[in-house]
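Trainee: I have a new structure open and no idea where to begin. Could you walk me through some of it, one question at a time?

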Amino acid sequence: MDTIFLRNRMLLGAEAMETLRRSHVAVFGLGGVGSYAVEALARSGVGRLTLIDHDTVGESNLNRQLGALHSTLGQPKAEALRARVLDINPAIQAEAVVCRYDRDHRERFTETRYDYVVDAIDLVTCKLDLIQTMKGLETPIVSALGTGNKLKPELLAITDITKTNTCPLARVIRKELRYRGIVHHTVLWSPEEPVVPEPLEAPPEGRRSVPASIPWVPACAGLMLGGYVVRALIQRMDNR
């Protein structure tokens, strides 16, 4: 018996573990939320992961991103996380894609069928395109909404987007999805009112501000997303 996932098997059973081993999950966006989602998926025994992010590890990532260490500074986030999951499970099939998901690169991700997609993308236009594309392909997808400028992980929840309120990003995504004919979509969100951060960092091109972020909220969000996807993959097996 493979002792790496023995404790998982004790709870989930052998058939579920085989389902996870055969599953392919793609994680788009490997920051504070996405990196912890990858961690949960890898340590749960998911057998194939595609890790997508265009960015490199910077010093400002060290406070909250799992792949961010002084030894990985300057490395592509996708490659740093690929090395990490292979260190956890050398048998995993892990692909690092150093690329920004947007409509110009959409076709690169429509040729492969994923069993599940985790959307941890920051940019609204890219997030909306990914959601619409995956729903068009009938690929299950769950999206993370805003965790920046928040302090209370106990308020995080995974629900249908129609049940969200307060969150500014949820409001925008709700409206834009309705415009695209999409009413229902599963999201992770928080009703916590965002804290107004001190503006200590200049925003990159295309963004109006840089959200503040502490270690525990995005980490909890990512672990919740990973667990949600694992349970969804197993439930699909149970419903066969």
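Mentor: Happy to, and keep in mind that this is a predicted model. Let's begin with Glu 39, which counts as buried at 8% relative accessibility.

Trainee: Which helix is Glu 39 found in, and which residues does Glu 39 touch, not counting those up to four places away in sequence?

Mentor: Leave out residues up to four places away, and the ones Glu 39 touches are Leu 66, Arg 84 and Ile 88. As for the helix, Glu 39 is found in α3.

Trainee: OK, and what sort of unit does helix α3 make with β1 and β2?

Mentor: Start with the strands: β1 (residues 24–28) and β2 (residues 48–52) pair in the parallel sense over 5 bridges. In that pairing, Phe 28 stands opposite Ile 52 of β2. Add helix α3 (residues 32–44), and the three make a β-α-β unit that is right-handed.

Trainee: How many residues of β1 are buried?

Mentor: Take the two faces in turn. In a regular strand, side chains alternate between the two faces of the sheet. On one side of β1, His 24, Ala 26 and Phe 28 are buried, and on the other Val 25 and Val 27 are buried too. That leaves the strand mostly covered, with a buried count of 5 of its 5 residues.

Trainee: Phe 28 has come up twice now. Which residues join Phe 28 in a cluster of ring pairs?

Mentor: One partner is Tyr 101, in an edge-to-face pair with 5.5 Å centre to centre and 85° between the planes. Phe 28 lies in strand β1 and Tyr 101 in the loop between β3 and β4, so this pair ties together parts that are 73 residues apart in sequence. Phe 28 also forms an edge-to-face pair with Phe 109, at 5.2 Å centre to centre and 70° between the planes. The ring pairs therefore link Phe 28 into a cluster with Tyr 101 and Phe 109.

Trainee: Are those three rings buried or exposed?

Mentor: Buried means under 20% relative accessible area. Phe 28 has 1%, Tyr 101 has 4% and Phe 109 has 2%. Each value falls under the cut-off, so the answer for Phe 28, Tyr 101 and Phe 109 is buried.

Trainee: Which element gives the largest share of the largest nonpolar core?

Mentor: In soluble globular proteins, nonpolar side chains tend to be buried together. The largest core here has 36 residues, and those touching the most other members are Val 25, Val 38, Leu 41, Leu 49, Val 118, Leu 225 and Val 229. Elements giving two or more residues to this core include β1, α3, β2 and α7 (216–238). The largest share, 9 residues, comes from α7.

Trainee: How many residues are in the other core, the one lying apart from it?

Mentor: Some of its members can be named: Val 97, Phe 109, Met 134 and Ile 182 are among them. You have met Phe 109 already, as a ring partner of Phe 28. The count for this other core is 25 residues.

Trainee: Back to helices. Within what arc do the buried residues of α2 fall?

Mentor: The buried residues of α2 are Ala 16, Met 17, Thr 19 and Leu 20. Look down the axis of the helix: these residues line one face, because they fall within an arc of 155°.

Trainee: Now the other strands. Which residue in β5 is the bridge partner of Asp 119?

Mentor: Follow the pairing across from β1. Strand β4 (residues 116–119) pairs with β1 in the parallel sense over 4 bridges, and there Phe 28 stands opposite Asp 119. β4 also pairs with β5 in the parallel sense, over 3 bridges. In β5, the bridge partner of Asp 119 is Ser 143.

Trainee: And which hand does the crossover from β4 to β5 have?

Mentor: The chain leaves β4, passes through helix α5 (residues 124–136) and reaches β5. This β-α-β crossover is right-handed.

Trainee: Last one: which residue of β7 does Ser 143 stand opposite?

Mentor: Ser 143 is buried on one side of β5 along with Ile 141, while Val 142 and Ala 144 are buried on the other. Strand β7 (residues 186–189) runs parallel to β5, joined to it by 3 bridges. In β7, the residue opposite Ser 143 is Val 187.

Terms used
Residues numbered from 1 in each chain as written. Predicted model: local features only at pLDDT ≥ 70, side-chain atom pairs only at ≥ 80, totals over all residues. Heavy atoms only, no water. Buried < 20%, exposed > 50% of the residue type's maximum accessible area, 1.4 Å probe, protein only. Pairing = 2+ DSSP bridges. Right-handed = clockwise from strand over helix to strand, strands pointing away. Core = buried A, V, L, I, M, F, W, Y, C linked by side-chain atoms within 4.5 Å. Arc of directions from axis to C-beta. Phe/Tyr/Trp six-rings, centres within 6.5 Å; stacked < 30°, edge-to-face > 60°. Contact = heavy atoms within 4.5 Å.
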